Structures are given as C-alpha cells and as structure tokens.
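This report describes how the interior of a protein chain is packed and where its backbone departs from the usual. The sequence and structure are shown first.

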Amino acid sequence: MKPRKNTKRVPSFRKLLRTSKIKLDNKLKNKQYKQQSAAKKYRKEQKKLRQAVRDAVCKKPFPLEDYKKKHVAEKREEEEEDEALPLDMMDEDDLKLMEDLARKASFLTRDISSNEPVHIKKRKRESVIEKYEKIPRRVNTEPEKELIHLLPIKDKGGIIPQTMEKPVPDVAEDEEEEDTEEMEVAEDFNEEPPPVLTPEEMAAQRKIKLQERKMHIAALASAILSDPENNIKKLKELRAMLMEQDPNVAVIVRKLVMVSLMEVFKDIAPSYKIRPLTEAEKATKVKKETQKLREFEEGLVSQYKFYLENLEQTIKDWKQRKLKKSNVVSLKAYKGLAEIAVKCLCELLVALPHFNFHNNIIVLIVPLMNDTSKKISELCCEAVKKLFKQDKLGFASLGVVKVVSGLVKGRNYNVRPEVLKVFLHLRIKEVELKKDSEDIAPKKKFMTFKEKRKHLSRMQRKWKKAEEKLERELLEAEASESKEKKLKLHTETLNIVFLTYFRILKRAQKSPLLPAVLEGLAKFAHLINVEFFDDLLIVLHSLIASDDLSYRESLHCILSAFQILSGQGDVLNIDPMKFYTHLYKTLFSLHAGGTNDDIGIVLQCLDVMLAKRRKQVSQQRALAFMKRLSTLALHVLPHSSIGILATNRILMQTFPKMDLLLDNESQGSGVYLSELDEPEHCNAQNTALWELHLLQRHYHPTVQKFAAHLAVGAPAEGSGALSLDLSRRPATELFEAYNMKGMTFNPPVPSVTPRRKDTFSHVDSFLNQELTEQLQQHTSKTVSHKTLDFAKHLKESSLS
C-alpha cells in the first residue's frame, strides 16, 4: 500500500509575522523540548547497545589463567567507552598522570575544616569557554517519525496492533516556498516610500476623491427614491458611508451622507406609523405583494433606527469630547458633524411627527434646547416652534411639553428662558372645561329600540333606521371624534404648561425664567380654571409690590392679571385698581434713549385695561391716562408715538366727554397734579392736551397726521379724518409697522444736504418761537417736570 503524501506545510515567514509573540515563544520552547527528548532517547539506545555488546563478550569461554588480565582489560575498555577519550592520541606521561589521579580518593585530599563542596574551587576557576562547553549541544538527530494507528488484527496469539509511518513532506519544496515568500516580504519592506505630493496635487487628489463619493451617494439616493421597495437594501450601503475612513474626505462625506439619508427618509417614509408584526401574523400565509410590503416596512424601520442611533452617537461623542480609535476625524471637526446631526434631527422632528421613533427624537432634541452652544440651542428651539405651529391635533405637542416640563423640574429650574418661551407658540385656543364639557362636545342622541317600538310604526322604524345610519356617516365625515380627541389633548397639554408655570411662581420667583412664565400666563390666562384666579392675582400683585422685577416683567404681570379678568374673570368681583396705579406710575420709565420694545406690551395692557373694560373704567381714570400718554408721546421714538396716539384716538372715541382736554378752560375745582401717581385724584379734567400742538410740528409725517386728527376731536368723517390705512389698523399693528428697529434720531451735523438743512432750520424756528409761546400759554397749569426739562433741553440744544 502506497503511503499517502502529507499535505501539511511548514508555516511560512509571512504567517509567522502575523502570529503573536507568545505563540512564537511557545513554539520555540516546544521545539527545544522535542530536540532534548530525542537526544536523550538516542543516548539511552546507544547505552543499551553497548551493554548488549558487553554481555555478548562476557559469554565467551576464557582460560582461567587469563581471566584476571582480561577482566581488567574489559574494565578499562568500559571506562574508555563511557568516557569516549581518544587514548591512542595521548602521551604516556599524561596517561600515567591520569591513572595516578584516578587511584587517589577525592575525600583524602579535601580540607575537612571547610564547608564548601568538593568541586567549589574548580567551579570558581571555570572560564567562559568551559561554561559554554557545559551547555547541552543540539544533536542533529533524525526527526521522530509520526505513526498512524491502523485497525488491529486478531490472531490465535491475541490482538496484533498495526501502525504506519506518516509520510514526511518534501522539505526542499517547502524551503523553496519559504525562500520565495521571504523574498517577497523583503521586497515589500525594501519598497521605496511614496513620493511626497505638493499641496496643489493633494488638493486635486482630494477633489477627485470627493467627486467620486458624491457621485456614489447621488446614485444610491436616486436608486432608493426611484424604487424604494426593491432598493431598500441600498439604504444600508448608503448608511455604511457614515463610517468613511479616508481622513482627507471623511468629514465632508459624513455630512453629505447624513443630509442625504435625512432627505431620503423624509421622501419614502409612509404617512402612518409602522407597528411590529405579532407572532400570529408572521405565521399566517399572505400574498406576495403583502409579504413584499412587510419586508419593505421592516427594513425601513430598522435602517431608520440605526440612522437615528448614528446621529445620537455623533452628538454624544462631541459632548463627551471622545475620539474614535481610528482617529480619522479630529476633535474640532466633531463640532461640525454634531451640528449637522442636530439639524437632521430637527428636520425629522418637524417633517415626520407621525412616524416611528418620534418620541425618541423629542427626548434627544429637548435637552439640546438648553445647550451652551447658542447655535445648537437656537436650532432646537426653532424646530420645536415649527412643530407647535403645524401640529393640528396636538399629540406631538403634548409629547414635547411633557419632556420640557420634566427637564425644567429635573434641572431645578436652572434652564435658559428660551426653553419656556417655546410654550408661547402652542396652538391652543380652547380647552375642555369641566362645567361646559357638554356644551363644547354635544353628542347626538338616537332613539332606543323600545322608544321606536312604542312611538313609531313599522314603516317609520325603517325610515328612522336609515336616517340614523346616514347621520352617523355624516358625523364621521365631520370628524367629531377627532374634535373631542383634540380637545382632550389640548386640555392635558395646557394643564402641564400651567403646572410648570405655577411651580416656578411658587418656588423660583427670583429665577430668570420668571419673564417667560409671566408672558405665558398673559397669553393663556383666559384658559385658566376659575378656581385659581384669586390665588394667582395675589401672587402677581405681590411680585409687583416686591420691586424685584424689571419693568418688562412688571408689564407682563399687569397683562397677565387683566387677561385673567377679561375672560372668565368677568363674573368675579375683583378691583384691579393697584394694577392701574402701577402702570400709570411707571409710564415715564420709557424714553427715547432705548429701542422702546416695551411699548408693544404697554399698548397691549392699555387695550385690555381701558378699551375692553370700558364699563368698569371711570371717566377720571380715562382722562388721566390720556393726558399722561400724550405727554409720553413727546419722550419716545416716532413709531412709539404713533402707537400711543392711536391708543388716544381709541380712548377719545370710546369714552364720552374726552374733548374736555381740548379746551383751555378748567372744568370743576382743583388743579391738575401731574406728579401724583393716583389717576383717580390727579384732576386731569383741569388740564389740556397742549402736547398735540408740539406733535403737529413733528418731523415724522404720520405723527403730524395723528396729532392734527386728535386736535380736532378725532372725527370719523370729514376733512380732519384719517385715511383708511391708518384708521382701521390697531395701535400695536401700527407700532410694529413703523418700527425703526432700534434706530435713534441723530442731531444734525454741519455737512448735511440742503434738504436736511432746511428741515432742521424749520425745527429750530419752531423751537425758538412756538415752544416758548406754548409754555407761556400754560403757565397757569402745573406741567410735569420731566416734560419741561425735556422741552428746555430741546430749546437749548437747538440754540447751541
């Protein structure tokens, strides 16, 4: 039987390079152990062979007289064989010396007093060569042959085992292969390094790579969009490009892939939420089209989930300042990647509120609204505002409000005010109140079977059944059920918003969140339950009286209080005189040195306090406010003056006998006390609107028109009436329309155009003549010190 050739090869040098150091050490030790065992075995076999030869020689017959001589000779031969010394090549003197030394006992020549071993001196005198000689040499023995155990043979004598030598591979061929591999590795190591590229060549090479990646991304995206069901697997290939490893184009390619995947998901995502299949549904047999749709939906949801996880991980790596092991993307570039990831999440939050994992996106976006990076915070806040504005049903808004409320409470109210200001964009206009729930959502009541049988005939019952069926279908078409669901969602959302507001009012009154809370209360105060009105008004008044609020915050408090009283609070018997007094007292805090952004809130307060509550406002209070507002119109910027004069026009048309302020003669007893902060007791009926004469000479043409219109009694028709564009627009809208965005009036400079010079010369002549004349005309009446100082300052500046 021809032995089978062994196909096992000795490991090549290239494979040895890939092995670890521990494995190489173990292999070397095993090889040494094998060589030592083979040498030991060889020595034992040689010793046995010599012993056998000696035994054979001893069995030969010897004469008695020669036995002693031969016995001594045999002993010498044994010593020669054991020591294997070439005695035939030694001198007689040396041989004799060695024999004499051998006859002496070692312990006789030893110093007994010393405790050292016998050969200690010899060891100390050993040279380096003797040490190397003592190291066991590697014996070039034949490699031990491996045996293959075959099936045994049973004979009369017993079982006879059978073995066969394992064929040895051809060493020459293996050595040739090793040599060729070693040469290849040596060539690889000896290769010349790549040539150094210039910056222009590197830029060109990078541009080519980037263009290739862009074409690949575009091809994959277009293939997915053209046939999503058949090409859903290409989503995985496109998503794999998020792990681009080329450091030259890694950042740009990852950004492009993020945005491309976001657009693809926005286009191919269905308009419903995909739910996982149950075990029973998976076991049932369905049509090919249904199975294909299921596979598409399952692949889409899984890839969408992995994509969101990649975006989340990118943001976490940037937050934790962690680098990946590959170090392809630098730490600075992670910020740009994180911003793109946040943009993609914001787009998906707004575009896919109905799709899977929307709540997970909300949980990611809401904490980023409070991020230290202003850009990321603004992105997230804008996305939440867009979601609130376009959310018609209210389910997505409820999810965001819950997470925001938890964030504010979890951070112990230490969040940015912009986080709470997003509540102002909620589309909540009506809620489900406890008392009026039946009026809000009336249900159609149908007759029962007993009532039909009692009151209707058989034919009438048939007609009634058909009629009720038609009415049910009409109710479904009107989506009455969705309206009820919408009211419930809005009610729950608003309850969470008010809960957050009331927590801050109770526990964190000195928090920077207070302005946002007051602004939110001012917007949704008409939807608050009546049970909380008394406590809320007390809290608002205490905040105003504490003097810890800024002017804008106090205005929000006033606006919130009157929003509460203008809705359901009409039935309550509450006198808000303290709020009127506070606003009247603080009106002169506004001036032309600022942007007058607070004027918009003041105009809203005046509309709620005076125009909408005209039945609860006395004539004295209305006259006092109108006089102070006319004085304020001289202090502020033109767009603010237009809004204030528009409010005065509404007051003049709403309240009777307001034309008293257009007459120079006093009406009744007393003198006008302009510095008194009580509008009811300042005797405003004894003054006149002399400010209108100044405002008619204002440099802004619209201010001139309003001043002239008020000076003649604000008629609705005739020559003194305003144009339709100005008369039909409310005060707040006019204020916003003529807003100068913080621009202030600059005094004239010498190098002006002739037209500007003529304009200012007209103002100078007015200040020299008319201002002095008007001030002298009203010397009998007490005028506000601020107004006089302002007028004198204008006159002095014009004369100088």
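The account below takes up the nonpolar core, one helix, the cavities and two loop residues.

The structure is a predicted model, and the description that follows should be read with that in mind.

**Nonpolar core**

The largest nonpolar core comprises 164 residues, and those with the most contacts inside this core are Leu235, Met258, Leu300, Tyr307, Phe423 and Leu583. Helix H13, which spans residues 331–351, supplies the largest share of the core, namely twelve residues. For Phe423, once its neighbours within four places in sequence are left aside, the residues in contact are Val401, Val404, Val497, Tyr501 and Phe524.

**Helix H14 and its cover**

In helix H14, made up of residues 358–368, the buried residues are His358, Ile361, Ile362, Ile365, Val366 and Leu368. Because these residues cover an arc of only 150° around the axis, they lie on the same side of H14. What covers the buried residues of H14 includes helix H12 (288–319), H13, helix H15 (374–390) and helix H16 (395–410). H13 therefore appears in two roles here, since this helix gives the largest share of the core, twelve residues, and is also among the elements that cover the buried residues of H14.

**Cavities**

Rolling a probe the size of a water molecule over the atoms shows where empty space is left. In this structure there are three cavities of 30 Å³ or more, and the second largest of them has a volume of about 50 Å³. The lining of the second largest cavity consists of Phe388, Asp391, Gly394, Ser397, Leu426, Arg427, Ile428, His490 and Thr493, a set that divides into three nonpolar, four polar and two charged residues.

**Positive phi in two loops**

Two residues other than glycine, Lys657 and Ala714, have positive phi values, and the table sets them side by side.

| Residue | Phi | Loop between | Relative accessibility |
|---|---|---|---|
| Lys657 | near 60° | helix H28 (638–654) and helix H29 (691–695) | 58% |
| Ala714 | about 55° | helix H30 (701–711) and helix H31 (724–727) | 6% |

Which of the terms buried or exposed applies to Lys657, and which to Ala714? Lys657 counts as exposed because its relative accessibility is 58%, and the cut-off for that term is over 50%. Ala714, by contrast, counts as buried because its relative accessibility is 6%, where the cut-off is under 20%.

Notes: Residues are numbered from 1 along each chain as its sequence is written. This is a predicted model: local features need pLDDT of at least 70, side-chain atom pairs count only at pLDDT 80 or more; totals for chains, interfaces and linings use all residues. Side-chain values use heavy atoms; hydrogens and water are left out. A nonpolar core is a set of buried Ala, Val, Leu, Ile, Met, Phe, Trp, Tyr and Cys residues joined through side-chain atoms within 4.5 Å. Buried means under 20% relative accessible area, exposed over 50%, partly exposed in between (1.4 Å probe, protein chains only). Helices (H or I, at least four residues) and strands (E, at least two) are DSSP runs, numbered from the N terminus. Contact means heavy atoms within 4.5 Å. The arc is that of the directions from the helix axis to the C-beta atoms. On a 1 Å grid over the protein atoms alone, a cavity is a set of points where a 1.4 Å probe fits but cannot get out, and a pocket is an open set with protein on both sides within 12 Å along at least five of seven lines; lining residues have an atom within 4 Å of a point. Grid points are joined across faces, edges and corners, and a volume is the space filled by probe spheres set on the points. Ala, Val, Leu, Ile, Met, Phe, Trp, Tyr, Cys and Pro count as nonpolar, Asp, Glu, Lys and Arg as charged, and the others, Gly among them, as polar.
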